[in-house]
Amino acid sequence: MILLGIESSCDETAAALVEDGRTILSSVIASQVEEHKIYGGVVPEIASRRHSEAIVGVVRQALEQGGMSLSQLDGIAVTYAPGLIGALLVGVNFAKGLALSTGLPLIPVHHLRGHIASNYLSHPECRPPFLCLVVSGGHSHIVLVEDYTRLKILGRTRDDAAGEAFDKAARAMGIPYPGGVEMDRIAEEGDPNAYKLPHPHVEGAPLDFSFSGLKTAVLNLLNNARQKGEEISVPDLCASYRKAVVSCLTENFFRAAQETGVSTLAAAGGVSANRLLRRELTRLAEERGLQLFLPDKSLCGDNAAMIASQGYYEFLAGNTAGMDLNACAQRSIE
Ligand code: KG4
Ligand code: ZN
């Protein structure tokens, strides 16, 4: 079964062809990140316009690269939630038009379920049940993937998402958007023990995260240094901050593994590309004798192959939509 996947929830317009949820036939991503950089973050209005301009070409290219015509497809999977509403609407409306004109089934896919599916594309042997650390620019969840379409949130962030925490702290250090990526690179050169940062816990909810206190600690550290005329080592601060965020993520994640007794783990989302997070997850999983899947680095960020992959399992579960499908800015992964 060959599905066309379409993704437009944030600042990437993407289309891909995937066979049986597991094999990528083509994957095209048009990123707008350079344009948003000058504003220090994604400008929703600009994102929607760029999606509208790019989507026809991106879908056409995905079909060409996969050597397929529309008549050879079996369905159209599209991200319908969560994300920037105007951005989502471009993909959803395009997919609806295509489904109407071809008669192909329309399959709505939750963006974060798509991120989890990047593991199905990276590892043929990865299948539920497993515990997944979903860490993106907008969300941080510990998710029990009971089955491909039956998911349960065990822990979540109470304030900033992990990616947001990286991006905001990076911005304060003068690193351009999306700072998480660059901070990870700079941190490799720094001393992770140079600056002492808090390790926030959420009272009464040991699987939940809170990153806003960490971000405030960095802002205070930078302000104090500025006032005193002291020099801050950006590589050392990046390394210390990255270590603090990663240790919060891994502590709760392995606690969840212990509490649930689930022995297979995975990570997903833009932040799962983080070098230290990948090293730490690998080390801790090995130490505990747990199986760990990490998505291929090329599939950690937003792409449409992951949407087509999850779309396959949604289709098998009977989750298709009609022409009344709407985009949703917020919707739970459950
Ligand atoms: O999943 P994603 O591409 O988009 C959303 O669904 O939000 O995640 C983007 C986020 C951004 O905050 C970006 O800074 C972060 O993922 N990110 C990273 C790394 N690569 C991307 N954060 C830390 N280290 C990285 N290597
Ligand atoms: Zn994403």
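This talk goes through a predicted model, taking two sets of annotated residues, then the packing of some helices, then a few backbone details.

I will start with the annotated positions. The UniProt entry, which is unreviewed, lists His111, His115 and Asp302 under "binding site". These three residues span 192 residues in sequence, but no two of their C-alpha atoms are more than 8.8 Å apart, so they gather at one spot. That is worth checking on the screen.

Take His111 out of that group. Where does His111 lie? It belongs to helix H4, which covers residues 111-122. Is His111 buried or exposed? Its relative accessible area is 7%, and the cut-off for buried is under 20%, so His111 counts as buried. What does His111 touch, if we leave out residues up to four places away in sequence? The list is Glu7, Ser9, Thr79, Ala81, Pro82, Asp302, Met306 and Ile307. Note that Asp302, one of the other annotated residues, is among these contacts. Please also remember Ala81 and Pro82 from that list, as they return later.

Next, Ala304. This residue sits in the loop between strand E10 (291-293) and helix H10 (305-316). Ala304 is buried, with a relative accessible area of 0%. Along the chain, Ala304 and Leu4 are 300 residues apart, yet their C-alpha atoms are separated by 8.3 Å. The contacts of Ala304, again without residues up to four places away in sequence, are Gly5, Ile6, Glu7, Ala14, Ala15 and Ala16. Glu7 appears here, and Glu7 also appeared among the contacts of His111.

UniProt has a second list under the name "binding site", also from an unreviewed entry. It holds Val134, Val135, Ser136, Gly137, Gly138, Asp167, Gly180, Asp184 and Asn274. I will pick two residues from it.

Val135 is in strand E6, residues 130-135. Its relative accessibility is 0%, so Val135 is buried. Apart from neighbours within four places in sequence, Val135 contacts Ser140, Ala162, Leu249, Ala268, Gly269, Gly270, Val271, Ser272 and Leu277. Keep Ala162 and Leu249 in mind.

Gly180 is in helix H6, residues 179-187. Its relative accessibility is 16%, which still counts as buried, because the limit is 20%. With neighbours within four places in sequence set aside, Gly180 contacts Phe166, Asp167 and Ala170. Asp167 is on the UniProt list as well.

Now the helices. Two packed helices are described by the angle between their axes and the distance between the axes.

The first pair is H5, residues 162-172, and H8. Their axes come within 11 Å and cross at roughly 170°. An angle over 145 degrees counts as roughly antiparallel, so that is the description for H5 and H8. From H5, the contact uses Ala162, Ala165, Phe166 and Ala169; from H8, Tyr241, Arg242, Val245 and Leu249. Here are Ala162 and Leu249 again, both of them contacts of Val135. By class, this contact has seven nonpolar residues, no polar ones and one charged.

The second pair is H7, residues 212-228, with H8, residues 234-260. The packing angle is about 165° and the axes are 11 Å apart. That makes H7 roughly antiparallel to H8. The crossing is right-handed. On the H7 side the contact is made by Leu214, Lys215, Val218, Leu221 and Leu222, and on the H8 side by Leu237, Tyr241, Ala244, Val245 and Cys248. This contact comprises nine nonpolar, no polar and one charged residues. Tyr241 and Val245 of H8 take part here, and they also take part in the contact with H5.

Last, the backbone. Most residues other than glycine have a negative phi, and most peptide bonds are trans. Which exceptions can we look at?

The peptide bond from Ala81 to Pro82 is cis, with omega near -20°. Pro82 is in the loop between strand E4 (75-81) and helix H3 (85-102). These are the two residues I asked you to remember, since His111 touches both Ala81 and Pro82.

Pro128 and Pro129 are also joined by a cis peptide bond, with omega about 0°. Pro129 is in the loop between H4 and E6.

Finally, Asp20 is not a glycine but has a positive phi, near 50°. Asp20 is in the loop between strand E2 (12-19) and strand E3 (23-31). At 33% relative accessibility, Asp20 is partly exposed.

Notes: Residues numbered from 1 in each chain as written. Chains lettered and ligands numbered in written order. Predicted model: local features only at pLDDT ≥ 70, side-chain atom pairs only at ≥ 80, totals over all residues. Heavy atoms only, no water. Axes fitted to C-alpha atoms, helices over the stretch in contact; angles between N-to-C directions. Helix = DSSP H or I, 4+ residues; strand = E, 2+ residues; numbered from the N terminus. Parallel < 35°, antiparallel > 145°, perpendicular 65-115°, else oblique. Left-handed = near helix turned anticlockwise from the far one by under 90°. Contact = heavy atoms within 4.5 Å. Nonpolar A, V, L, I, M, F, W, Y, C, P; charged D, E, K, R; others polar. UniProt positions renumbered as here; feature names shortened; annotations may be inferred. Buried < 20%, exposed > 50% of the residue type's maximum accessible area, 1.4 Å probe, protein only.
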